[in-house]
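Please open the structure in your viewer and keep the sequence at hand. The tour below proceeds by selections, each followed by a description of what is to be found there.

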Amino acid sequence: QSFVSRACFPQHKAAEAITGLKPRFLDSWLMSEAICGEIFFRSSELGDLSLVEGDFLSSSSRGHEGANLETLCRWLRLPRVVVLDAARAGPSLPERPERVDGVFLDRVADDGHLARLATDVETVWRVPVLGALGEVRHLREAIRRVPLGDRPPQCLYRELGSRLAERWWPERIDRLANSQDLPTTDNGLFRREMAPLRITVAVAFDESFNCYFPCGLDLLELRGATVVDFSPLRDAALPPETDIVFLGCGHPERYAAALADNHCMMSALRSHVRWGRRLYAEGGGLAYLCEQMETSDRAMVPMTGVFPAAARLDRHQGDFQPIEVTLDRANWLGHAGAKVRGYRNPSWRLESLGSLRSFLADADHPSDLVGTFQAVGSLMHVNFAAQQAVLNHFFYPYAAKPGF
């Protein structure tokens, strides 16, 4: 079972393609030690090996805001494995990290290079070398050509695995993985408890929308929600008796023509909102619900029209930014004054084309959380497992005030 050390969707779905399992998300900034421990323990129960992937902070980035992989390692008692770029190591090793328990060597030139570098690591850093991968330039070039957000083809990761198997020591990995006991934490996060309001949540899931936090969906079901999926690309209607529509992120800009051609689904979504029913959309899901959406080739395509705005791709996008916002107006996800934490999606920005209402007092980023009727759109990715107050509002009946 793979884990991501920040509640941000990875650029490539490599771990999902290799393991066949959706990655789970941990986050020391969003979650408490107890919640991280419970998610880690529950998600690891059926696996043989659990791997938490992320970046260790350098000494120059200690003030970095957001999730911290070092903190997760301490909370979960994880051995730390460093991937060392052998091609950039030079004649001597770089400074040893504060704590490292094993090393993978990447881009070794040949067996002689591997032997010299492995000897240095094990004598100077005093940690085992777990494996090594050669230059394999054709594979690296193939990886670079995989579009962001896509699963790499099976042939690619199978050949990578075969190349790694030529120079690795699985018994060392097994010994390292078993060097610490798995923390067992149970604070009732995954306890099945029926909420007073029974709801059906329709989740958009197809090639264009597929970025969701699995634990958030699990918690909706454990609290009594019926979670069903539908395809904005292919379905003509929402699932029967839908109470709440949930559109996650993805890459709708790649499928803009097909999405725009599905007039029946767009009409169904508009009708759902006009009937006073609830809807929540994040990132690409919000872009799809705007009046216009920019495509990868810079064309503006008419979209669903739930939100009076144009969604534009940000060509100079940076990393996901951790943010905490305070609602200055109530909506069905929270009351005025409630705080919500998440990571801002750098791919999209909104341009208002009418009475686009913000729920935030932040003058710099008013479109981070917007709404119309009982539709709420967010440029933040919100993990409900870490924001249980938001999750609980799915089960509260809510009537929008006149003029909302």
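The tour begins with the whole protein, then turns to strands and ends with charged side chains.

**The whole protein**

Display the entire chain first, and keep in mind that this is a predicted model. The secondary structure comes to 12 helices and 22 strands. Along the principal axes, the C-alpha atoms fill a box of roughly 70 × 45 × 40 Å. A compact globule with 404 residues would have a radius of gyration near 22 Å, and the 23 Å of this protein agrees with that.

Now switch on the surface. About 19600 Å² is exposed, and carbon and sulfur atoms supply 50% of this area. Of the 404 residues, 51% count as buried. Among contacts with a separation of 6 or more, 70% are made by residues 24 or more positions apart.

**Strand β5 and its partners**

Select residues 102–108, which form strand β5. Is this strand mostly covered or mostly open? It is mostly covered, as 5 of its 7 residues are buried.

Add residues 81–85, strand β4, to the selection; β4 and β5 pair in the parallel sense over 5 bridges. To see one position of this pairing, label Val 82, which stands opposite Val 103 in β5.

Next add residues 129–134, strand β6. How do β5 and β6 pair? They too run in the parallel sense, with 5 bridges between them. Here Phe 104 has Gly 131 in β6 as its bridge partner. In general, the strands of a sheet pair through backbone hydrogen bonds, in either a parallel or an antiparallel manner.

Finally, show residues 111–125, helix α4. Together, β5, α4 and β6 make a right-handed β-α-β unit.

**A sheet of three strands**

Move to the open sheet of 3 strands, whose order is β2-β1-β3 and whose pairing is parallel. Select 24–25 for β2 and 51–53 for β3: both stand at the edges with a single partner strand each, so one side of each is left without a neighbour in the sheet. Then select residues 2–4, strand β1, which is joined to the parallel strand β3 by 3 bridges. One pair to label is Val 4 with its bridge partner Glu 53 in β3.

**Salt bridges**

Show the charged side chains next. Side chains of opposite charge can pair when their charged atoms come close. The structure holds 20 salt bridges, and the tour visits some of them.

Select Arg 144 and Glu 141, whose closest N and O atoms are 3.0 Å apart in a salt bridge. Both residues lie in helix α5 (residues 137–144), 3 residues apart, which is about one turn of the helix. Is Arg 144 buried or exposed? Arg 144 is exposed, with a relative accessible area of 59%, while Glu 141 is partly exposed at 33%.

Continue to Glu 45 and Arg 42, which form a salt bridge with their closest N and O atoms 3.8 Å apart. Glu 45 is partly exposed, with a relative accessible area of 47%, and Arg 42 also counts as partly exposed, at 38%.

For the last stop, select Arg 349 and Glu 351, whose side chains meet in a salt bridge at 3.2 Å, N to O. Arg 349 counts as partly exposed at 39% relative accessibility, and Glu 351 is partly exposed at 30%. Which residues are linked in a network here? Add Glu 294 and Arg 312 to the selection: these two, Arg 349 and Glu 351 are linked in a network of salt bridges.

Key: Residues numbered from 1 in each chain as written. Predicted model: local features only at pLDDT ≥ 70, side-chain atom pairs only at ≥ 80, totals over all residues. Heavy atoms only, no water. Buried < 20%, exposed > 50% of the residue type's maximum accessible area, 1.4 Å probe, protein only. Helix = DSSP H or I, 4+ residues; strand = E, 2+ residues; numbered from the N terminus. Pairing = 2+ DSSP bridges. Right-handed = clockwise from strand over helix to strand, strands pointing away. Salt bridge = Lys/Arg side-chain N within 4 Å of Asp/Glu carboxyl O. Rg over C-alpha atoms; globule rule 2.2 N^0.38 Å. Contact = heavy atoms within 4.5 Å. Areas by Shrake-Rupley, 256 points an atom, 1.4 Å probe, with all protein chains shown as cover.
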